[in-house]
Amino acid sequence: MSIFYFVAFLSIFFALMTIFAKNPVHSVLYLVITFFTFTVHYILLNAQFLAVVNFIVYMGAIMVLFLFVLMLLNLNKESEPMKSNLVKIMGAIAGMSLLATLLGAFRVLEINNDYVTGNTDVGLVENLGKVLFDEFLLPFELSSLLLLTAMIGAVLLAKKETKESNG
């Protein structure tokens, strides 16, 4: 359990470093480390599939894309707009609301929940596949059709039309 708390501390520390870093590239790198600590949490919670998906999708694709975009934008202090006091006040109110929500959630948290401690098969890929293809077969197939339709639409939108000349 001490490993869990150490990784939780690292997650919070690097998340705060992501927020408070002055350099956007450093902020993205701290976010990559934060996502890596989330992957460690998933492994400790016996959710191997979520750990692999988090590692591949978030750390491997999205964060690298963020890093490339930030490097291509070449951000500097002269191009950053000045933030008004209203934006800062709204940010403080949103942060306090998040803090109140987290404190309320921690108040009702049970450490020794029987569902979490007693069932060691939760999070395994085999069980996820059984549930997906047994109980949730129709929503799974409908989402695949939706993704297929979106992919065909993207290809049709990106396709250049060729004009045929008359004559």
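This presentation describes a predicted model of a helical protein, moving from the whole chain to a few residues in its first three helices.

Good morning. I shall begin with the overall architecture. The secondary structure consists of 7 helices and 0 strands, so the pattern along the sequence reads simply α-α-α-α-α-α-α. The protein has 167 residues, of which 11% count as buried. Its exposed surface comes to about 14,200 Å², and carbon and sulfur atoms supply 72% of that area. As for the contacts with a separation of 6 or more, 57% of them join residues 24 or more positions apart.

The UniProt record, an unreviewed entry, places the feature "transmembrane region" at residues 6-21, 28-45, 51-73, 85-106 and 136-158. Two of these spans can be compared with the model. Residues 6-21 are 94% helix and 0% strand, with end C-alpha atoms 22 Å apart. Residues 51-73 are 100% helix and 0% strand, and there the end C-alpha atoms lie 31 Å apart.

Let me turn to helix α3, which covers residues 48-73. Does its length agree or disagree with what its residue count implies? At 1.5 Å a residue, the 26 residues of α3 should span 38 Å, and the end C-alpha atoms are 36 Å apart, which agrees. The helix also has a bend of about 25°, located at Met63. Met63 is itself buried, as are Ala51, Asn54, Met59, Leu67 and Leu70 in the same helix. What do these buried residues pack against? Their partner is α2, residues 24-44.

Asn54 illustrates that packing in detail. This residue of α3 has a relative accessible area of 5%; it is therefore buried, the cut-off being under 20%. Its side chain makes a polar contact with the side chain of Thr39, at 2.7 Å. Beyond its neighbours within four places in sequence, Asn54 is in contact with Phe35, Phe38, Thr39, Tyr42 and Met59. Thr39 thus appears both in the contact list of Asn54 and as its side-chain polar partner.

I now move to α2 and the residues there that meet the beginning of the chain. Thr37 lies in α2. Is Thr37 buried or exposed? With a relative accessibility of 5%, Thr37 counts as buried. Setting aside neighbours within four places in sequence, its contacts are Val7, Leu10 and Ser11. The C-alpha atoms of Thr37 and Leu10 are 7.0 Å apart in space, although 27 residues separate the two in sequence.

His41 is also found in α2. Its relative accessible area is 11%, and it is therefore buried. Which residue does the side chain of His41 meet in a polar contact? The partner is the side chain of Ser11, at 3.4 Å. Outside its neighbours within four places in sequence, His41 is in contact with Phe4, Val7, Ala8 and Ser11. Val7 and Ser11 are therefore among the contacts of His41 and also among those of Thr37.

On the other side of this arrangement is Leu10, in helix α1, residues 2-20. Leu10 is partly exposed, with a relative accessible area of 22%. Besides Thr37, Leu10 can be related to Thr34: their C-alpha atoms are separated by 7.7 Å, with their positions 24 residues apart along the chain.

One further residue deserves comment, namely Asn46, in the loop between α2 and α3. What is the phi of Asn46? The value is near 65°, which is positive in a residue other than glycine. Most residues other than glycine have a negative phi. Asn46 is partly exposed, at a relative accessible area of 22%.

To summarise the local picture, α2 carries two buried residues discussed here, Thr37 and His41. Thr37 is in contact with Leu10, while the side chain of His41 has its polar contact with Ser11. The buried residues of α3 pack against α2, and Asn54 adds a side-chain polar contact with Thr39. Thank you for your attention.

Methods:
Residues are numbered from 1 along each chain as its sequence is written. This is a predicted model: local features need pLDDT of at least 70, side-chain atom pairs count only at pLDDT 80 or more; totals for chains, interfaces and linings use all residues. Side-chain values use heavy atoms; hydrogens and water are left out. UniProt positions are given in the numbering used here, feature names are shortened, and annotations may be inferred rather than shown by experiment. Helices (H or I, at least four residues) and strands (E, at least two) are DSSP runs, numbered from the N terminus. Buried means under 20% relative accessible area, exposed over 50%, partly exposed in between (1.4 Å probe, protein chains only). A polar contact is a pair of N or O atoms within 3.5 Å; within protein, one must be able to donate a hydrogen and the other to accept it, and residues adjacent in sequence count only if both atoms are side-chain atoms. Contact means heavy atoms within 4.5 Å. The expected span of a helix is 1.5 Å times one less than its number of residues. The bend at a residue is the angle between axes fitted to the seven residues ending there and the seven starting there. Accessible areas come from the Shrake-Rupley method with a 1.4 Å probe; for residues, only the protein chains shown count as cover.
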